[in-house]
Amino acid sequence: MPRSKLSAIVSLLLVFLSGALVGALAHRLYMVNTVVSALPGARRPDPEEVRKHVVDEMRQRVKLDDAQVQQLQQIFTHTRERFDEMHKRMNEEGRGIWDKQVDDVKQILRAGQVPLYDQLRAEHDAERQKRHQQQKEREKSR
């Protein structure tokens, strides 16, 4: 096969493969699933609604009797309490880490910078509280 025909075939093959690659990439980007929780207006399901749904599903598909449903409810309640305890411990530990960070930052600041840092933190805390309050109000209105 002459050299010019070979280079033409290789060129066509490269063009075809690059087109296939770009097409596959474009298809992948186009077909990406959207995360529902990130959509505006999307709400998280109420934990009690989820619990009721799971209990109903277990009752129907696993054929639980009333005594088993009662035991399942107790298991769910106990699990919720354990998770609440864990979250409380995590929040306390996180607060300790956060306070240590604030102390460490203050150690590197000069005396005149500490009030400015405190003011900045107070502004950030106020903004955080405002966002938290707005989120609570949005959840209530749903």
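**A pocket and two helix pairs**

In this predicted model, the second largest pocket is lined by Pro47, Arg80, Phe83, Asp84 and His87. The volume of this second largest pocket comes to about 170 Å³, and the class composition of its lining is two nonpolar residues, one polar residue and two charged residues. Among the elements that contribute to the lining, α3 gives the most, with four residues.

The pocket leads naturally to the helices around it, and two packed helices are described by the angle between their axes and the distance between the axes. Helix α2, which covers residues 47-61, and α3 have axes that come within 11 Å and cross at roughly 150°, and the crossing of α2 and α3 is right-handed. On the α2 side the contact is made by Pro47, Glu48, Arg51, Val54, Val55, Met58 and Arg59, while α3 supplies Asp66, Val69, Leu72, Gln73, Phe76, Thr77 and Arg80. Sorted by class, this contact of α2 with α3 holds seven nonpolar, two polar and five charged residues. Pro47 and Arg80, which take part in this helix contact, are also among the residues that line the second largest pocket.

Further along the chain, helix α3 (residues 66-108) packs with helix α4 (residues 113-141) at an angle of about 150°, and their axes are 10 Å apart. Because angles over 145 degrees count as roughly antiparallel, α3 is roughly antiparallel to α4. The crossing of α3 and α4 is right-handed. From α3, the residues that make the contact are Trp98, Val102, Val105 and Lys106, and from α4 they are Val114, Tyr117, Asp118, Arg121 and Arg128. The residues of this contact of α3 with α4 divide into five nonpolar and four charged, with no polar residue.

Taken together, helix α3 takes part in the contact with α2 through residues including Asp66 and Arg80, and in the contact with α4 through residues including Trp98 and Lys106, while α3 also gives the most to the lining of the second largest pocket.

Note on methods. Residues are numbered from 1 along each chain as its sequence is written. This is a predicted model: local features need pLDDT of at least 70, side-chain atom pairs count only at pLDDT 80 or more; totals for chains, interfaces and linings use all residues. Side-chain values use heavy atoms; hydrogens and water are left out. Axes are lines fitted to C-alpha atoms, for helices over the stretch in contact, and angles run from 0 to 180 degrees between N-to-C directions. Helices (H or I, at least four residues) and strands (E, at least two) are DSSP runs, numbered from the N terminus. Angles under 35 degrees count as roughly parallel, over 145 as roughly antiparallel, 65 to 115 as roughly perpendicular and the rest as oblique. A crossing is left-handed if the near helix is turned anticlockwise from the far one by less than a right angle, and right-handed if clockwise. Contact means heavy atoms within 4.5 Å. Ala, Val, Leu, Ile, Met, Phe, Trp, Tyr, Cys and Pro count as nonpolar, Asp, Glu, Lys and Arg as charged, and the others, Gly among them, as polar. On a 1 Å grid over the protein atoms alone, a cavity is a set of points where a 1.4 Å probe fits but cannot get out, and a pocket is an open set with protein on both sides within 12 Å along at least five of seven lines; lining residues have an atom within 4 Å of a point. Grid points are joined across faces, edges and corners, and a volume is the space filled by probe spheres set on the points.
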